Amino acid sequence: MVGDKMVFGQSLHEPSAEFDYPTAFKTAPDLPATKALLQIWESYEARGGMQMGRDIPSRELGKFLGNITIVEPIGDWEDSHVRLAGQILMLRFGRDVTGMRGSDVFGDNPKGHLALCEASRKAVVTRKPFLVDSRVMRNGEQLMHLESLNAPIAGPNGEPGWMMGAMFLF
């Protein structure tokens with residue numbers, strides 16, 4: 001069990017210094033939901049890209065909304081603002097992180113946050129999404145295992161550089 005607090009029948013993780021967060025970038029998704037969302041993003045990208053407010057939310061993405069996060073960069077990805085956070089982030093971070101700075105959300109894992117900012121900066125330039133395998137560990141025991149898709153999108157006014165993230169539990 002990750003914590004005593006529960007949301008939607010799942011234990012919340014309450015980040016603290018007692019946990020480790022091993023993270024690895026990966027080349028292909030393993031989970032069916034990640035694969036399906038990646039295909040949807042690729043179809044939008046072939047038509048000029050996804051835009052917050054126009055394409056998100058949509059019926060096509062409805063079943064993924066609890067997993068989706070929309071992030072706006074601060075500067076050139078020195079930090080970020082979480083503009084929309086699905087329920088899965090509440091499980092991972094123990095609270096609603098909507099409106100928070102990424103550096104505050106990842107206060108328990110600043111190295112992980114910096115790696116995500118750097119990968120997001122690169123993804124925006126290359127228009128290539130990236131995938132992350134992450135875990136929550138305590139004393140060598142795996143408490144949570146997640147796969148994340150992170151893909152560039154446009155903001156609500158068409159401004160480039162935003163990211164759509166989506167986390168899925170193994």
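1. A residue is called buried when its relative accessible area is under 20%. Serine 134 has a relative accessibility of 11%, so it counts as buried in this predicted model. You will find serine 134 in strand 6. Setting aside neighbours within four places in sequence, its contacts are Pro22, Thr23, Met144, His145 and Leu146.

2. Staying with strand 6, which spans residues 130-138, the partner to look at is strand 7: the two pair in the antiparallel sense over nine bridges. As a landmark for the register, arginine 135 in strand 6 faces histidine 145 in strand 7. The two strands make a hairpin, with two residues between them. In that turn, asparagine 139 has a positive phi of about 50°.

3. Strand 7 also pairs with strand 8 (residues 162-169). These two run antiparallel as well, joined by eight bridges. Here a useful landmark is proline 152, which stands opposite methionine 163 in strand 8.

4. How much of strand 7 is buried? Of its 13 residues (141-153), 11 are buried, so the strand is largely enclosed by the rest of the structure.

5. Now to helix 1, which runs over residues 32-46 and has 15 residues. From its first C-alpha to its last it reaches 21 Å, close to the 21 Å expected at 1.5 Å a residue. Just after the helix comes glycine 48, with a positive phi near 110°.

6. Which residues of helix 1 are buried? They are Thr34, Leu37, Leu38, Ile40, Trp41 and Tyr44. Because they cover an arc of only 160° around the axis, they lie on the same side of helix 1. Pro32, Gln39 and Ala46, on the other side of the helix, are exposed. The cover over the buried residues includes strand 4 (68-74), strand 6, strand 7 and strand 8, so the strands described above appear here again as part of what covers helix 1.

7. One of those buried helix residues, Tyr44, is worth a second look. The charged end of arginine 47 sits over the ring of tyrosine 44, at 4.6 Å from the ring centre.

8. Leucine 31 is in the loop between strand 3 (23-26) and helix 1. With 14% relative accessibility, leucine 31 counts as buried because the cut-off is under 20%. Leaving out neighbours within four places in sequence, leucine 31 is in contact with Glu147, Phe168, Leu169 and Phe170. For phenylalanine 168, the C-alpha atom is separated from that of leucine 31 by 7.7 Å, although the two residues are 137 apart along the chain.

9. Finally, the aromatic rings: a search of the whole structure finds three aromatic pairs. One of them joins phenylalanine 93 and phenylalanine 106 in an edge-to-face arrangement, with 5.0 Å centre to centre and 75° between the planes. The pair links distant parts of the chain, 13 residues apart. Phenylalanine 93 belongs to helix 2 (residues 87-93), while phenylalanine 106 is in the loop between helix 3 (102-105) and helix 4 (110-126). Are these two residues buried or exposed? Both phenylalanine 93 and phenylalanine 106 are buried.

Key
Residues are numbered from 1 along each chain as its sequence is written. This is a predicted model: local features need pLDDT of at least 70, side-chain atom pairs count only at pLDDT 80 or more; totals for chains, interfaces and linings use all residues. Side-chain values use heavy atoms; hydrogens and water are left out. Buried means under 20% relative accessible area, exposed over 50%, partly exposed in between (1.4 Å probe, protein chains only). Helices (H or I, at least four residues) and strands (E, at least two) are DSSP runs, numbered from the N terminus. Two strands pair if DSSP finds at least two bridges between them. The expected span of a helix is 1.5 Å times one less than its number of residues. The arc is that of the directions from the helix axis to the C-beta atoms. Contact means heavy atoms within 4.5 Å. Rings of Phe, Tyr and Trp (its six-membered ring) pair if their centres lie within 6.5 Å; planes under 30 degrees apart count as stacked, over 60 as edge-to-face and the rest as tilted. A charge sits over a ring if NZ of Lys or CZ of Arg is within 6 Å of the ring centre and within 35 degrees of the ring normal.
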